[in-house]
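Open the model in a viewer and keep the selection panel at hand. The stops below say what to select next and what is there.

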Amino acid sequence: MKIKLRVPEWMYSPGVWALVLLGAAGIIASMARMVYGIGAVSNLNDAYPWGFWISFDIYTGVALGAGAFTMAAVVYIFDLKRFAPLVRPSVLTGFLGYAMVAIALLVDLGRPENIWHMIIWQNHTSFLFEIGICVMTYLTVLLLEFIPVIFEGFRWNSLVHLWHKWLTYPLVILGVVLSTLHQSSLGSLTIIMPEKLHPLWWTPFIPVLFFVSAVTVGFAMVIVESQLSSRAFGHGLETDLLKDVAGWIPYGAGLYLILRFGQLAFEGKLGYLFSSGIYSVLFWAEILLFAIIPGIMFLQKRFRESPSGLMWGALLVVAGLVLNRFDVSLIALGGRIFDTTGYVPSIPEMLVSFGLVAISVLVFRYIALNFPLFESGHADHHVAHAAGEQVVPAGD
Amino acid sequence: MTKTISRRDFLKVGGAVASALTIGTILPPQVASAARQAGLLDAQGNGSIPTMCEMCVWRCGVLARVEGGRVVKLDGNPEHPHSRGKLCPRGQSGLMNTYDPDRVLTPLIRVGKRGEGKFREASWEEALDLVAANMLSIKEQYGPEAMIFSSTHNLSQVQFENLLNAYGSPNYGTQRSLCFNAMIVGNLMTYGMEEPGRSYDTLEYIILTGRNLAEAISTSETGDLIHAIDRGAKLVYLDPRFTKTAAKADLWLPIKPGTDLAFHLALLNTIISEDRYDHNFVEQHTVGFDELADSVASYTPEWAAKITEIDAETIRTVARDFAAAAPNALAHNGWRTSNFENSFQTARAIAALNALVGNWGVAMFAAAGEGSSALGAPPQPPYPRISAIRLDGVPWKYPLVPYKLGVFQELRDAIIAGDPYQAHGWFISRQNPVGSLPDRARTLEAFGKMDFIAVVDIFLNDTAWIADVVLPEASYLERYDPMLPVGDKAFLRQPVIEPQGEARSALWIYKQLGERLGLGDFFQYADDEDYIRQQLAPLGASLDEVKEKGYVLLPQEEEEDIYHWNTPSGKVELASDTLRNSGFASCPTWEEPVAPPEGQFYLLTGKVGQHTQFATQNNQLLHKYQDEPRLWMNPKSAEKLGLKDYDLVKVTSEAGSVNVMLQVTQGIRPDCVYMTPGFGHISKGWTTGYGVGASDSVLHISYTDPVSGSQALSQTFVTVEKA
Amino acid sequence: MTSITDPSAIKHRAILFDATRCIDCRACMVACSVENQVPNDVTRIWLAGGEVTGEYPNLQRASIPYHCMHCDDPACASACPVGAYSKHPNGPVLYDPDVCIGCRYCMNACPFDVPHFEWNRGVDEHARIIKCDLCTARVDKGGEPACVATCPTDALLFGDREDLLEYAHQRIKEHPDRYIDHVYGETENGGTSYLIISHVPFEQLGMSTDIPHESVSELSEHIMEFTLPFAFTWGAVLTGITIATHQMHKHGESKSAKETVEAEAKDED
């Protein structure tokens with residue numbers, strides 16, 4: 001009897017193989033951490049208790065997942081329904097991003113078995129407590145926001161309808177409130193460290209700066225994610241939507257610039273701008289990458305309307321944001337009293353982070369290929385129809 | 001990664017199984033029940049038991065906290081004058097000494113070749129029988145003098161000496177000549193006692209010559225020094241190294257090695273020539289002043305300045321300030337004075353210096369020896385006559401060295417030479433000659449001549465590593481030892497926990513051995529507690545009382561005339577006829593020290609507060625907090641040799657060479673290098689200490705001062721180069 | 001006893017360290033490790049300073065046993081999300097390893113960089129923060145902290161914070177040429193219970209003199225208090241916007257729907 005072997009499509013793709021290997025490496029490194037301790041896998045030490053995992057997985061991961069709440073707000077709170085096609089992928093990106101944060105936490109926490117403690121033992125003066133509770137809750141919100149896509153995949157349409165009727169709006173509003181809180185609080189964590197965080201970054205005003213920059217990078221990530229998935233999954237780029245999203249970025253960047261320099265001036269810190277050596281360089285790099293260059297670019301139509309222009313501009317915003325998060329959580333966080341070894345992330349350390357990203361990309365890919373990710377969704381049917389949009393049937 | 005301690009499988013030491021003792025009816029005391037009886041432990045095995053530390057010779061009183069039959073903490077006993085409630089880092093680490101996973105807990109008999117470290121476990125019966133058989137055989141074939149007995153200094157020393165005297169050997173090796181012979185003999189010649197006591201209570205001016213009290217910690221004395229400085233006393237400190245004591249000094253003098261003598265002779269010269277001495281004291285209580293004055297007449301500060309590399313004005317000022325502070329001025333006689341062949345003269349000069357300022361009864365006073373006539377002792381027959389001469393040249397080569405001090409390096413050299421006769425056996429207790437004697441290669445050569453080597457110790461130290469039989473002594477927290485008088489009390493060492501494994505006290509071991517050697521009459525105590533009871537008998541105190549308090553009060557002798565010394569003249573001898581008649585200088589006299597040739601360094605040794613000589617490098621708690629043992633070198637010298645901090649360097653002397661990591665530091669004279677002593681162990685039975693650092697004993701060349709028999713450890717010169 | 005206050009009268013437990021008396025023997029460290037059963041690869045006390053400084057032969061060395069400062073308003077307790085730290089009413093800052101999640105925010109929050117972490121423990125070994133607890137159990141039984149009890153030179157003293165401050169200032173006054181005129185810990189981070197006087201400038205020994213003299217937690221906690229009110233306000237605002245925009249668009253929709261219907265109707269005409 002002949003047995004027909006079917007080799008799955010994905011096994012022919014080198015890109016997927018790379019992601020699988022990276023993911024596997026990340027898992028192995030994580031297991032090593034579990035068995036031998038954080039010190040055996042990472043270069044974290046008493047002078048640098050937070051390092052690559054916190055800066056990349058937590059700070060950056062949370063910020064780059066901001067597209068979920070911003071797009072959800074655009075579509076549901078500000079009722080700009082034509083952006084609906086961008087909601088689902090960004091919610092999924094958000095969900096996977098936050099799920100990755102949670103798993104990364106299991107690796108970074110010294111006592112992952114106690115991760116649930118925040119529910120019972122609560123210290124209400126701690127910004128980290130607030131972040132923990134918000135992230136826990138928001139992860140649930142994201143899951144609940146996204147689940148209709150799964151329902152649609154299984155064609156449970158009445159459930160989808162019910163969901164949208166009763167849950168979507170409260171979830172979105174809750175999601176925006178939670179996101180506002182924890183995006184800003186990630187910055188507020190440093191308020192208790194005035195002797196450690198460099199004066200160019202330390203400010204009690206940091207929650208506002210973090211929020212504004214999160215919203216801005218959320219838009220940028222929507223552009224990046226759309227670009228990447230249109231190339232990966234071969235569907236068209238909604239350039240007409242993206243050009244509008246790109247158009248919002250200069251406003252975010254501009255507001256950020258005003259707030260940032262206003263804060264520095266108000267606190268009498270303008271003197272640090274050019275006299276802080278490497279920290280001045282980092283500061284200006286952030287400003288240029290995150291705000292100035294993409295801000296100027298996206299004020300111009302030709303960048304907003306070209307796919308490569310969109311991509312480059314958005315990537316600059318992301319780069320600048322990542323640099324800012326790394327600066328605040330690691331690079332500009334000095335003032336260590338007993339620093340004997342310094343800190344450079346080890347290879348296994350970075351493998352854990354990149355491995356987790358690889359896994360979430362693989363999950364994203366799986367869902368994108370098997371579920372109606374790039375549709376507007378059932379409840380938006382009549383809206384889209386009314387706006388004159390073509391409804392893409394499910395299962396394409 | 002968390003450090004994991006691995007046992008040497010082939011030793012398979014430890015374990016809770018106590019093998020049946022078939023030797024007589026002597027069993028180790030049941031500590032727990034005895035302690036409960038004395039009210040020290042409650043029914044759960046919790047309580048506090050007073051005993052004495054043994055991590056160094058200061059023997060601070062300790063209160064051992066016991067929980068559930070385990071020692072959990074050691075605290076200083078407030079009632080002991082040496083601790084006054086404190087313990088130094090070694091004292092605090094003491095329970096790690098008892099619970100060290102490398103403890104030898106059963107008797108061991110060698111199975112491989114010497115130095116392979118292959119042993120098999122044996123019963124006490126077999127091991128003791130083997131030792132006795134060998135010792136008897138050597139006695140029969142070669143005479144008792146062919147058996148060497150060496151032990152550093154334990155509270156059970158009296159019974160060790162009992163064993164060797166009863167056996168009939170004259171050959172007693174202690175480590176004294178490696179340490180303080182110069183100081184002791186200097187004091188004996190001047191004051192007629194080994195070491196006068198010191199009081200810091202009223203001191204205003206202190207001269208320390210070496211005696212790095214901040215690192216060579218004697219708990220109470222170190223505290224006294226710091227309190228004196230705190231009160232405003234001035235400290236002048238002579239040392240080629242900037243030690244932790246130097247950091248507390250008002251004046252640190254980085255004196256050229258070997259020239260302490262010149263400095264002190266110049267002080268004598270200044271004080272005498274400027275008439276700043278205490279006429280009263282000198283006239284009434286000393287002899288030989290005029291001779292001394294003549295003797296030091298040429299030793300001016302200018303003369304000394306050229307030699308010591310300290311400027312004359314400083315020397316003169318020190319002399320004047322010292323004399324001005326009299327009688328609250330002290331020139332410390334030092335402790336480990338085994339530096340140069342002229343160290344004896346330095347000790348003499350310092351002794352004279354103190355006499356000139358008449359500080360007797362204020363800063364210095366008569367000190368009781370370690371024995372006390374108030375304590376009892378088991379009866380014993382007289383010792384057999386010993387006709388053989390000692391191998392270490394006492395007294396025929398070293399007429400003034402007391403028998404109980406000896407000249408250890410000479411003993412070792414005579415063993416190699418087989419002159420005047422060949423030794424065949426060596427019995428060692430609580431000592432590591434392979435580690436501590438200078439010139440390790442020669443020491444190993446001497447051991448190579450032995451037909452039989454037996455070691456009593458709690459570890460496989462470097463000497464036990466090459467032994468034929470190892471007898472496991474119980475650690476100091478697990479045993480009784482003879483009581484020790486300190487001040488107006490006699491203190492007790494008692495077991496705080498049951499001895500682990502098969503370990504036994506030295507008192508028991510010596511008795512067992514004695515009986516097998518047919519010397520049972522010399523060990524007339526039934527067991528350790530009986531021994532103590534016999535000690536207490538004249539005082540009428542019960543053992544239980546003493547166990548509870550940890551000490552017994554000694555009857556105070558009437559205050560005799562403190563101005564009486566045990567010298568031939570009955571006074572302080574600034575000029576000594578004894579020295580003169582033995583063919584030595586009667587007064588402190590200049591002797592030019594050797595100096596290193598161009599391109600070589602003085603190799604200095606010293607102490608660190610976290611270790612005791614060669615004994616503690618395996619202690620995990622001390623290992624945790626020690627500084628890495630590297631070779632100190634001044635940056636100027638390092639630069640000339642092209643060396644950098646942390647370079648691996650080869651240090652070579654005429655005796656041997658070692659590789660060690662370099663520490664470039666400002667804290668040392670450019671013509672000196674320094675190695676922390678006590679490292680570089682060769683015994684693999686020390687899993688924590690093995691292979692850490694390097695041993696300076698490999699490099700040391702033996703030089704002996706003819707007067708005091710003192711080793712001159714700083715006369716070894718070395719070259720240093722990249723390894 | 002090296003307590004300058006009668007043990008029964010101590011209201012606020014504190015330790016005073018006098019660097020002039022310290023000989024860097026490390027008995028305190030060994031005693032602490034034994035008393036508190038600290039594993040061999042971590043320590044609760046470590047050394048600040050201790051190196052030889054200067055140029056031969058004008059040299060200096062000094063040392064300070066460095067450990068938890070037991071702040072009056074501890075940043076660790078403010079920052080810990082699960083409240084694993086607590087300030088004992090009579091002084092010590094205590095850490096509960098059972099509550100701890102190992103997030104290590106305390107290590108960043110502490111301005112003195114005190115909490116150390118057991119990096120080399122697997123999940124089954126339950127990694128902890130390692131930190132001095134002023135030997136609370138030992139002191140509760142009437143003793144002194146192990147480090148103080150054993151210090152051979154009485155560089156460490158124990159007692160009530162007020163008494164120790166008075167004593168420290170008295171010493172400085174009596175020996176103005178000997179001490180730096182500052183009691184470290186008196187005001188740093190708003191005041192601590194580990195007080196230090198020294199003959200060598202503190203920064204030369206590696207201590208931080210950049211530590212603010214009011215508590216670093218105050219501002220952080222102040223801002224944190226706005227969280228809930230802000231959340232509710234923001235939620236209400238968002239709800240309002242949602243309703244408003246939907247109303248506007250519905251109106252616009254019905255308007256355009258009407259127009260479409262009208263247009264279609266017109267077309268049909």
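The tour of this predicted model starts with chain C, follows its contacts with the other chains, and then turns to confidence, a loop and a nonpolar core.

**Chain C as a whole**

Select chain C and show it as a cartoon. Its secondary structure comprises 8 helices and 11 strands. With a radius of gyration of 29 Å, well over the 18 Å that the globule rule gives for 269 residues, chain C is more spread out than a compact globule. Along the principal axes, its C-alpha atoms fill a box of roughly 110 × 45 × 45 Å.

Next, colour chain C by domain: domain 1 covers 7–215 and domain 2 covers 226–268. How many Å separate the centres of domain 1 and domain 2 of chain C? Taken over C-alpha atoms, the separation is 62 Å.

Of the 269 residues in chain C, 50% are buried. Among contacts in chain C with a separation of 6 or more, 62% join residues 24 or more positions apart.

**Where chain C touches chain A**

Keep chain C and add chain A. This contact takes 53 residues from chain C and 54 residues from chain A. On the side of chain C, the elements that give two or more residues are helix H2 (75–79), helix H3 (105–109), strand S8 (116–117), helix H7 (217–224) and helix H8 (227–268). Select H8(C) to see the element that gives the most to this side, with 12 residues. Colouring the chain C side by residue class gives 28 nonpolar, 19 polar and 6 charged residues.

**Where chain C touches chain B**

Now hide chain A and show chain B. Here 32 residues come from chain C and 35 residues from chain B. Which elements of chain C give two or more residues to the side that touches chain B? They are helix H1 (27–35), strand S3 (53–55), strand S4 (58–60) and helix H5 (146–150). H1(C) gives the most, with 7 residues. By class, the chain C side divides into 15 nonpolar, 8 polar and 9 charged residues.

**Confidence along chain A**

Return to chain A and colour by pLDDT. The mean is 89, and 92% of the residues of chain A reach 70 or more. Among the elements of chain A, helix H13 (residues 278–298) has the highest mean pLDDT, 97, and helix H17 (residues 381–386) the lowest, 42. Select residues 378–396 of chain A, where the pLDDT is below 50; this stretch has 23 contacts in the model beyond near neighbours in sequence.

**A loop in chain B**

Go to Ser123(B), in the loop between strand S5 (119–121) and helix H4 (124–142) of chain B. Ser123(B) has 17 other C-beta atoms within 10 Å, so it counts as partly exposed. Add Glu502(B): it lies 379 residues from Ser123(B) along the chain, yet their C-alpha atoms are separated by 8.6 Å.

**The largest nonpolar core**

In soluble globular proteins, nonpolar side chains tend to be buried together. The largest nonpolar core in this model has 421 residues, and Leu268(B) and Val673(B) have the most contacts inside it. Helix H10 (residues 206–233) of chain A provides the largest share of this core, 13 residues.

To finish, centre the view on Val673(B). Leaving aside residues up to four places away in sequence, Val673(B) touches Phe601(B), Leu603(B), Leu604(B), Leu631(B), Trp632(B), Met633(B), Val718(B) and Val720(B).

Methods. Residues numbered from 1 in each chain as written. Chains lettered and ligands numbered in written order. Predicted model: local features only at pLDDT ≥ 70, side-chain atom pairs only at ≥ 80, totals over all residues. Helix = DSSP H or I, 4+ residues; strand = E, 2+ residues; numbered from the N terminus. Rg over C-alpha atoms; globule rule 2.2 N^0.38 Å. Buried ≥ 20, exposed ≤ 12 C-beta atoms within 10 Å, placed from the backbone. Contact = placed C-beta atoms within 7 Å. Nonpolar A, V, L, I, M, F, W, Y, C, P; charged D, E, K, R; others polar. Domains from an automatic or database assignment. pLDDT = per-residue confidence, 0-100. Core = buried A, V, L, I, M, F, W, Y, C linked by C-beta atoms within 7 Å.
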